[in-house]
Structures are given as C-alpha cells and as structure tokens.
Amino acid sequence: MERENAWKKYSLEEEKKVFAFGEEYRKFISKCKTERECVDEIVKLAKAAGFADMEQVIASGRKLKAGDRVYAVNKGKGMALFIIGRENMEQGMHILGAHIDSPRLDLKQNPLYEDTGMAMLDTHYYGGVKKYQWVTLPLAMHGVVAKKDGSTVQINIGEKPEDPVFGVSDLLIHLSGEQMEKKAAKVIEGEAMDVLIASRPLKDADEKTKEKVKANVLDILKAHYGIEEEDFLSAEIEIVPAGAARNYGLDNSMIMGYGHDDRVCAYPSFAAMLDVEIPEKTSVCLLVDKEEIGSVGATGMQSRFFENITAEVMEACGTYSELALRRALENSDALSSDVSAAYDPNYPSVMEKKNAAYFGRGVVFNKYTGARGKSGSNDASAEYMAKIRSIMDENHVNFQTAELGKVDQGGGGTIAYILGNYNMQVIDSGVAVLNMHAPWEIISKADLYEAKCCYEAFLKQ
Ligand code: MN
Ligand code: MN
C-alpha cells in the first residue's frame, strides 16, 4: 500500500501554487519565531480578512450570524478563530488544532552575570532538545519584558543583517578528550548553555564598579530599551536560531527553518480558514501554546480557554446553554495537527518502513501516537478514520498514514487526547519533518501544500 508522491500529480499551474504557498509560509516562519509573534501576525492577517475581535463583539452585544468571522486571543500566546456556520453550533464544529510554541532556550529570571570579562545570560531550555545541537550557532533574542508600570517592551535582536547575534559556545576539539567520551545527553549539560552577549567594559566606570562588562550591558539595555536588571524578573525572552528560513535542496522542493514543529501545521490551518465563506458547520482554528511541555497552564490545551470562548461565541449566536455547549463540543470533528517524523535514509533503523511518513507523500494521519504500547495516545476510531480518508480521496488530497518510529523505539504526544476529553471525534494529522526539534528542521513543500488542501477539504465537507 505505498502512497503516491504528490509532486507527480501537479500540473505546471498547480506547481506554481505549491511554490507560492511555500514562499508565503517561509516568510511567516522567518518572521514569527515565538508563540507571541505567531499570535500577533495571525491577528493582523485575520483582521485584514474580516475577522472581528470577540472582546469587542462581547462588549458591544453584537449578535453573530452565519458567515461572521471572529477571533479571540488567550494572553497573547494562543488564539481561536471561528467562522459561524449555517447549522446551530450545537450540531458540532469542524476544528483544526495546532500548537505555536517551539523548543528553544528561555532566559532564566535572574540571567545576567559576568565571568572573566564576559557577560553571559543563563538559560533554561524549553521542550525536548538535543542540547549538543544548540551550540556554536548564531542565535537571536525574541520576547517581551513586562515592566512594573504595566508597559511591555518588545525584544527582537539578531534577525536583521546588521543586527548582532548571540550564541552558546562549545569546547575546542583540542581539549575535548574527556567530553568526547561522554554520552550524547551529557556532552552539553543544561547549565552549560549560557549565552555570551558582551565583552566590552563600561567606559568611565567608577572604581567601585567591579563587573564593568555587565555594567556596560545594563547601560545599553537602559539606553535602548529602558529596562533595568530587575525587569528580567518579569520577562519572557526566548533564544532561538537567528536568520530566515531557507529553500532547501537543488530542486527547491523543501524548506529548512526554525519551528516547523508545529507552525507547519498552524499556518496552513489558518490559511485554510481564509478560504471558507459560509460553512455548514462552524469552522474553528485553534492555536495553542505549551504543547512542547505538556499542554499545561492557562495558554496550553488543557486550559478552559477553548471551552470558554466557544461558550461566548454560542452566546453571541443566541444559542448558548450549558447543555448546548457540551453538545457542540461532543458533536465536533477535529484534526489535531502536529508534525510527524519523516523517514530519514541516514537513520533507517528506527523506522518501520510500511508505517513511516515520507517526504512528498502528502499530509500524514496518525490513528494513534504515544509510546510503549500506545500509552498517552488518542486512538482515533476506525469509523472516523474512514470518514477522513473518504474526504481526502473525494478532494484528491494526497495523504499517508504513519507511526512515530518503530514500536518500542520511543514516541511522543500531542494535544489530540485533550480534545478527545470532550468526547469529540479527533485524529492526529500533520506534516512530516526531518531533524524534528533541531534548531533547523526540514519539511517538503508538497506536504505543506497537501496539508492546506486537507484542511480546506475538512472544513468544507
Ligand atoms: Mn514537538
Ligand atoms: Mn509538535
């Protein structure tokens, strides 16, 4: 049952669309490297496409009708978009879910110190990373500093060609005898991932100032951003790979970039919403934070945000009751989209070839994920999988099915089981990624395009 390579079916006309959408996405991930940046950009695009802020809808008491487009932001780090359908929401919604947080290095709350004339920032990594992959790379600093007066300072350093970059150092090979004997998990330790940010002492520092390089950093921060050392206490600054995503391969068929996991599902999910006019069932795109650390907290999938905002939307439609809300959730169909592991010819031993995801063979469906006997998995029902594959075939969407590697090789989780808690139909789907969780991940443009086609077909069914 080998699946067809999607590139083979494209006409010249369609191939142009594949590359155009790839370029649109490449620009998006080059610009949006944090969950906050993703939300800000998607709000901007959504507004331009006629989506109204639910906060304003609620405040004005405006009633929603079929075809209305609304969005809600959750604390700047997650969001939900709705296009009201002709049917009562109680009959269920069509939900596209994906996450917009990605593995990275976060600054600690008290990060800045000086050691031997070098100013360093202490970090704590976020999500599952192979720490040794994050050294000796140009890194950028993105995030926010919230000040006591209620204002927020945006930080974005390292992306413009004229910007400086930062980085984590590694030991020279000449002195690495001991290090090279260590296990990969220990080669670079979490506490050895401090970022070097400066080496020049403050000019005219008085005699009492001991740490003159650190003093100079604080001087620069004060002058350019108006922030003090204490302001780091209420900051969220993420250290991420610096620079734009790039076309990859001699044939330009792939994209190498930071944070494909899971923006390669989030972006086409949002893009598919833009092509919906008046759907039968209400269309929803849900973009959440904190998936990489277990979907916890107010902005993760386990939060009540989605349930609450669905209640608000139903109220604005004049159809809310506690029971109607529960029915709306239970009667919904969802695609929980997250990345799959792409088959890697360099590492064939971890894959079971009949049930692996391959570049170019289209959007991936994982009936189940999980590890050690499907543990932690939302195992989609056979009936729902049948419905999904019929929608894909009817709309000529290339799809493949896969597991994350061989049985007993490892595994991973997604947000699917949390949506499943509402007793709705949900299946894991998404795009295959090579180098998953590395600073620079790779995807196929055909798979990205097929994902968008899949989401459109799902919303329009
Ligand atoms: Mn991940
Ligand atoms: Mn993911």
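**Stop 1: the two manganese ions.** Select ligand 1 and ligand 2. These two manganese ions sit 3.2 Å apart, and D261 coordinates both. Keep in mind that this is a predicted model.

**Stop 2: around ligand 1.** Now show the side chains of D261, E292 and H437. They supply the protein donors of the manganese ion (ligand 1). Look for the OD atom of D261, two OE entries from E292, and NE2 of H437. These donors lie 2.0 to 2.6 Å from the ion. Along the sequence, the donor residues follow the spacing D-x30-E-x144-H.

Next, colour helix α7, residues 260-274; D261 lies there. Then find H437 in the loop between β21 (432-433) and β22 (441-444). D261 and H437 therefore tie together parts that are 176 residues apart in sequence.

Are these two residues buried or exposed? Buried means under 20% relative accessible area. D261 has 2% relative accessibility, so D261 counts as buried. H437 has a relative accessible area of 17%, so H437 is buried too.

**Stop 3: around ligand 2.** Move to the manganese ion (ligand 2). Which residues hold this ion? Select H99, D261 and D338, which coordinate it. The donors are NE2 of H99, OD of D261, and two OD entries from D338, at 2.1 to 2.5 Å. Here the donor residues are spaced H-x161-D-x76-D in sequence.

Trace the chain from H99 to D261. H99 belongs to strand β4, residues 93-99, while D261 is in helix α7. The pair links distant parts of the chain, 162 residues apart. Both H99 and D261 are buried.

**Stop 4: strand β10.** Leave the metals and select residues 235-241. This is strand β10. How many of its seven residues are buried? Five are, so the strand is largely enclosed by the rest of the structure.

**Stop 5: the partners of β10.** Add strand β7, residues 139-146. Seven bridges join β7 to β10, and the two strands run antiparallel. Pick G143 and look across to β10: I237 stands opposite.

Now add strand β5, residues 104-115. Two bridges join β5 to β10, again in an antiparallel arrangement. Click L105, then I239 in β10: I239 is the bridge partner of L105.

**Last view.** Show β5, β7 and β10 together. β10 is joined to β5 by two bridges and to β7 by seven. Then return to D261, which coordinates both manganese ions.

Notes:
Residues are numbered from 1 along each chain as its sequence is written. Chains are lettered from A and ligands numbered from 1 in the order in which they are written. This is a predicted model: local features need pLDDT of at least 70, side-chain atom pairs count only at pLDDT 80 or more; totals for chains, interfaces and linings use all residues. Side-chain values use heavy atoms; hydrogens and water are left out. Buried means under 20% relative accessible area, exposed over 50%, partly exposed in between (1.4 Å probe, protein chains only). Helices (H or I, at least four residues) and strands (E, at least two) are DSSP runs, numbered from the N terminus. Two strands pair if DSSP finds at least two bridges between them. Donors are N, O and S atoms within 2.8 Å of the metal (3.2 Å for Na, K and Ca); water is not among the atoms, so sites may look incomplete.
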